[in-house]
Each structure stands twice: as C-alpha cells, then as structure tokens.
Amino acid sequence: MHKPALIALLILGGLSAAAYAANQTVRQHGRMFSTESVTIRKGETLIFQNDDNVPHNIASVSKGNEFNLGSQPPGASTDVTFTEVGDVQVICAIHPRMKMTVKITN
Ligand SMILES: [Cu+2]
C-alpha cells in the first residue's frame, strides 16, 4: 500500500533535483539586474539575457572569474561559465548603478 507512494516521491525528488541543476538566467531590464545575488556551483554556467531596449556591457574584474561580454544588444543572451570559487562582482560598464554578485561554491 505504501510502496507506490514512496516510489512516486522518489521520482518527483529526482525530477526537481534535475530542474534545480538547470542553468540559471540573470536578466537585465529597466537598466537593472533581475537579481542582486545568485549562487551557483563551480563549473556551472550563468546566462546573461538582455531583456532591455538598450545595450549593456556586462563584465567582471574579480580575480579568477574575469569576463567582459562587450556590448550586448537588446535581446542578446550570453553564457558565462565560472571556474573559481568565490564572490564575483558583476557590473555593467555602461550603467554604473548596475551591480550584482555571483557566489560560486564548491
Ligand atoms: Cu547596462
């Protein structure tokens, strides 16, 4: 009687774990990031999506995780893979008020 329920729970658990592992997306809209902070694991990829009607230039100079996406036109989406553990300060070179943190864990 209880066995099928337990199996169903295990299947659901497996599915949600897989969903959690999917790449996360940080959007830019209204000249702001969609989140102030996001946590991912080392080696995982974050997608930076420009949902704005102006270009952005997302970049970081945090040691070990430096990147510069250059001018990203409206609608563009770019993957960034983070390889070093630590807190990465992400900015937009065009809009100084745009800032967020990517926390990379083991
Ligand atoms: Cu910007």
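**View 1. The donors of the copper ion follow a fixed spacing along the chain in this predicted model.** Written as a pattern, the spacing is H-x35-C-x2-H. The donor atoms are ND1 of H56, SG of C92 and ND1 of H95, which coordinate the copper ion at 1.9 to 2.1 Å. H56 and H95 link distant parts of the chain, being 39 residues apart. H56 belongs to the loop between β4 (45-50) and β5 (58-60), whereas H95 belongs to the loop between β8 (86-92) and β9 (99-105). Both H56 and H95 are buried.

**View 2. Q28 is a buried residue of strand β1.** The strand covers residues 24-29. Q28 counts as buried because its relative accessible area is 0%, and the cut-off for buried is under 20%. Leaving out neighbours within four places in sequence, Q28 is in contact with F33, F48, Q49, N50, D51, D52, H56, I58, Q72 and M98. One of these contacts, H56, also coordinates the copper ion through ND1.

**View 3. Four strands form an open sheet.** The order across the sheet is β2-β1-β4-β7, and the pairing is mixed. At the edges stand β2 (32-33) and β7 (77-81); each has a single partner strand, so one side of each is left without a neighbour in the sheet. In general, strands of a sheet pair through backbone hydrogen bonds, either parallel or antiparallel. Here β4 and β7 run antiparallel and are joined by five bridges. F48 stands opposite T78 in β7.

**View 4. The largest nonpolar core has 17 residues.** The members that touch the most other members are L46, F48, I58, F82, V90, M100 and V102. At least two residues of this core come from each of β3 (37-41), β4, β8 and β9. F82 can be used to look around the core: with residues up to four places away in sequence not counted, F82 touches I40, K42, G43, E44, L46, F48, N65, F67, V88, V102 and I104.

**View 5. G86 lies in strand β8 and is partly exposed.** Its relative accessibility is 23%, which is why G86 is placed in that class; partly exposed means between the 20% limit for buried and the 50% limit for exposed. Not counting residues up to four places away in sequence, G86 touches V102, K103 and I104. G86 and V102 are 16 residues apart along the chain, and their C-alpha atoms are separated by 8.2 Å. V102 is also one of the core residues named in View 4.

Conventions:
Residues are numbered from 1 along each chain as its sequence is written. This is a predicted model: local features need pLDDT of at least 70, side-chain atom pairs count only at pLDDT 80 or more; totals for chains, interfaces and linings use all residues. Side-chain values use heavy atoms; hydrogens and water are left out. Donors are N, O and S atoms within 2.8 Å of the metal (3.2 Å for Na, K and Ca); water is not among the atoms, so sites may look incomplete. Buried means under 20% relative accessible area, exposed over 50%, partly exposed in between (1.4 Å probe, protein chains only). Contact means heavy atoms within 4.5 Å. Two strands pair if DSSP finds at least two bridges between them. A nonpolar core is a set of buried Ala, Val, Leu, Ile, Met, Phe, Trp, Tyr and Cys residues joined through side-chain atoms within 4.5 Å.
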